[in-house]
Amino acid sequence: MSDWERSSTARVTAPARPRKLAKVPFVELADGRLQGVVSSGSDIERVYVSSVVAGTYAFACSTNNNRPCGGARGSFCNHVRALINEAVLQYGAERVARYLRVEIVDGEPSALTITTDMSNRRPPQGDTKAAAPVFSRFLRHLAYLELAPTTAPLPEMQWFPPTRAVA
């Protein structure tokens, strides 16, 4: 067993390249989807929760209060495209393509080749059931940013119950 497997902390993978958080403040590869929060281009107080399902490329985009995105009519809207671009910056094109099960035939994967390959397959519009948990995780991450730096344990980060010695 390696040191990190015995550790109580998780390894953090450094971003493939630095990214600007103003447009896409939250992106993750989780629950079989690329999902995240994308800022609105027209209203500073509005955000969209966008997602793409691995394999089928079914996509969903809605506001944080479940209003459908006006640009997601039969193909990826600009929010989904921005999410894919930022995921490539965060995780690298190869990892995003592998996670979403995109087959890149010619050359190295990039955000453009990933988006083009998925768009060419006419992905179906997905449901927005994932929006609430994704937005909730985003808000939880924001709350951690407001905490003062400390080395003391955070009660909500203690996932395992205390163990008792068995006599």
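β4 is mostly covered in this predicted model: 5 of its 5 residues are buried. Both of its faces are covered. Phe59, Cys61 and Thr63 sit on one side, Ala60 and Ser62 on the other, and all are buried.

β1 is also mostly covered, with 5 of its 5 residues buried. Phe26, Glu28 and Ala30 point one way from this strand. Val27 and Leu29 point the other way. All are buried.

## Overall layout

The protein holds 5 helices and 4 strands. Along the sequence they follow the pattern α-β-β-β-β-α-α-α-α. Of the 167 residues, 37% count as buried. Among contacts with a separation of 6 or more, 52% join residues 24 or more positions apart.

## The sheet

The 4 strands form an open sheet, and their order is β1-β2-β3-β4. The pairing is antiparallel. Where do β1 and β4 stand in the sheet? Both stand at the edges, β1 as residues 26-30 and β4 as residues 59-63. Each has a single partner strand, so one side of each is left without a neighbour in the sheet. Neighbouring strands are turned by 15° against each other on average, direction ignored.

β1 and β2 (residues 33-39) pair in the antiparallel sense over 5 bridges. Two positions of β1 show the register. Glu28 has Gln35 of β2 as its bridge partner. Leu29 stands opposite Leu34 in β2. Both Glu28 and Leu29 are buried, and they point opposite ways from β1.

At the other edge, β3 and β4 pair in the antiparallel sense, again over 5 bridges. Here Ser51 has Ala60 of β4 as its bridge partner.

## Helices across the sheet

Two helices lie across the strands. α2 (residues 78-91) lies across β1, β2, β3 (47-53) and β4. The helix runs at about 110° to β2. α5 (residues 131-145) lies across β1, β2, β3 and β4 as well. Its direction makes an angle of about 125° with β1.

## Turns with positive phi

Both hairpins carry positive phi values. β1 and β2 form a hairpin with 2 residues between them. Asp31 is in that turn. The hairpin of β3 and β4 has 5 residues between the strands, and Gly55 there takes a positive phi. Tyr57 also lies in the loop between β3 and β4.

| Residue | Place | Phi |
|---|---|---|
| Asp31 | hairpin of β1 and β2 | about 55° |
| Gly55 | hairpin of β3 and β4 | near 90° |
| Tyr57 | loop between β3 and β4 | about 65° |

Asp31 has its positive phi in a residue other than glycine. Tyr57 likewise is not a glycine. Are these two residues buried or exposed? Asp31 is exposed, because its relative accessible area of 53% is over the 50% cut-off. Tyr57 is buried, because its relative accessible area of 1% falls under the 20% cut-off. The two loops thus place their non-glycine residues of positive phi in opposite settings: Asp31 is exposed, whereas Tyr57 is buried.

## The cavity

How many cavities of 30 Å³ or more are there? The count comes to 1. About 40 Å³ of space lies in the largest cavity. Which residues line the largest cavity? The lining is made of Val49, Ser51, Ala60, Cys61, Ser62, Thr128, Ala130 and Ala131. β3 and β4 are the elements that give two or more residues to this lining. The largest share, 3 residues, comes from β4.

By class, the lining has 5 nonpolar and 3 polar residues, with no charged ones. The bridge partners Ser51 and Ala60 are both among the lining residues. Ala60 and Ser62 lie on one side of β4 and Cys61 on the other, and these three residues all line the cavity. Ala131 is another lining residue, and residue 131 is where the range of α5 begins.

## Bringing it together

β4 is an edge strand with a single partner. Even so, both its faces are covered. This strand also gives the largest share of the cavity lining. β1 stands at the other edge and has 5 of its 5 residues buried. Helices α2 and α5 lie across both of these edge strands.

Terms used. Residues numbered from 1 in each chain as written. Predicted model: local features only at pLDDT ≥ 70, side-chain atom pairs only at ≥ 80, totals over all residues. Heavy atoms only, no water. Pairing = 2+ DSSP bridges. Axes fitted to C-alpha atoms, helices over the stretch in contact; angles between N-to-C directions. Contact = heavy atoms within 4.5 Å. 1 Å grid on protein atoms, 1.4 Å probe; cavity = no way out; pocket = protein on both sides within 12 Å on 5 of 7 lines; lining within 4 Å. Points joined across faces, edges and corners; volume = space filled by probe spheres on them. Nonpolar A, V, L, I, M, F, W, Y, C, P; charged D, E, K, R; others polar. Buried < 20%, exposed > 50% of the residue type's maximum accessible area, 1.4 Å probe, protein only.
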